[in-house]
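Take a look at the model below. The paragraphs after it walk through its strands, its overall form and a few backbone details.

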Amino acid sequence: QLQLVESGGGLVQPGGSLRLSCAASGFTLDYYAIGWLRQAPGKEREGVSCINSSGGSANYADSVKGRFTISRDNAKNTVYLQMNSLKPEDTAVYYCTTMRDYYCSGYVFPTYYDGIDYWGKGTLVTVSS
């Protein structure tokens with residue numbers, strides 16, 4: 001069974017940090033770009049970050065640049081999203097997704113949704129004092 005499983009969400013105070021993980025089972029992530037998108041209640045989904053299959057290129061939404069860092073460890077079949085200096089507006093369910101490298105390029109990202117192959121079930125991040 002092909003699955004993406006996100007973890008690492010939780011409640012954090014403004015200014016705090018979290019690291020999200022996205023682990024794949026049933027298939028290898030080596031050939032996929034990986035994206036993180038988020039959706040807050042009553043808001044449109046938003047592409048947050050992506051990393052290409054080799055790990056050599058990444059993109060970020062303007063809203064998270066300088067605060068979030070995406071990385072991947074293909075040996076562990078896992079992708080990470082390090083989130084620092086968190087703000088209340090970062091509160092959302094965060095999903096990891098797979099797609100081809102093209103959809104992680106500047107031509108498409110952050111609105112890469114048409115290229116998504118697989119989704120995880122999401123992990124909730126709440127930033128609140």
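Start with strand 5, which covers residues 46-51. In this predicted model, 5 of its 6 residues are buried, so strand 5 is largely enclosed by the rest of the structure. Buried here means under 20% relative accessible area.

What does strand 5 pair with? One partner is strand 4, residues 33-39, and the two run antiparallel over 5 bridges. Gly35 faces Cys50 of strand 5 across this pairing. Between strand 4 and strand 5 the hairpin holds 6 residues. Gly42 in that hairpin has a positive phi near 75°.

Strand 6, residues 58-60, is another partner of strand 5. This pairing is antiparallel too, with 3 bridges. Cys50 appears again here: its bridge partner in strand 6 is Asn59. So Cys50 can be used as a landmark, with Gly35 opposite it and Asn59 as its partner in strand 6. The hairpin of strand 5 and strand 6 has 6 residues between the strands. In this hairpin Gly55 takes a positive phi, near 85°.

In a regular strand, side chains alternate between the two faces of the sheet.

Now move to strand 3, residues 18-25. Strand 1, residues 3-7, joins strand 3 through 5 bridges in the antiparallel sense. Within this pair, Ser7 stands opposite Ser21. Strand 3 also pairs with strand 8, residues 78-83. Here 6 bridges connect the antiparallel strands. Arg19 lies opposite Gln82 of strand 8.

Step back to the whole chain. How many helices and strands does it have? There are 0 helices and 11 strands. Read along the sequence, the pattern is therefore β-β-β-β-β-β-β-β-β-β-β.

The chain's overall form comes next. For 129 residues, a compact globule would have a radius of gyration near 14 Å. The chain has 13 Å, which agrees. Its C-alpha atoms fill a box of roughly 40 × 30 × 25 Å along the principal axes. Of the 129 residues, 46% are buried. Contacts also reach along the sequence: among those with a separation of 6 or more, 60% link residues 24 or more positions apart.

Then the surface. The accessible surface is about 6,600 Å². Carbon and sulfur atoms account for 47% of that area. As for charge, there are 11 positive and 11 negative side chains. The centres of the two sets are 4 Å apart.

Some backbone details are left, and they lie in loops. Where is Pro110? Its place is the loop between strand 9 (92-99) and strand 10 (118-119). A cis peptide bond joins Phe109 to Pro110, with omega about 10°.

Asn77 has a positive phi, near 55°, and is not a glycine. Asn77 sits in the loop between strand 7 (68-73) and strand 8. Is Asn77 buried or exposed? Its relative accessibility is 14%, so Asn77 counts as buried.

Ser85 is not a glycine either, and its phi is also positive, about 50°. The loop between strand 8 and strand 9 holds Ser85. With 40% relative accessibility, Ser85 counts as partly exposed.

Notes. Residues numbered from 1 in each chain as written. Predicted model: local features only at pLDDT ≥ 70, side-chain atom pairs only at ≥ 80, totals over all residues. Heavy atoms only, no water. Helix = DSSP H or I, 4+ residues; strand = E, 2+ residues; numbered from the N terminus. Rg over C-alpha atoms; globule rule 2.2 N^0.38 Å. Buried < 20%, exposed > 50% of the residue type's maximum accessible area, 1.4 Å probe, protein only. Contact = heavy atoms within 4.5 Å. Areas by Shrake-Rupley, 256 points an atom, 1.4 Å probe, with all protein chains shown as cover. Lys, Arg positive; Asp, Glu negative; His and termini not counted. Charge placed at Lys NZ, Arg CZ, Asp CG, Glu CD. Pairing = 2+ DSSP bridges.
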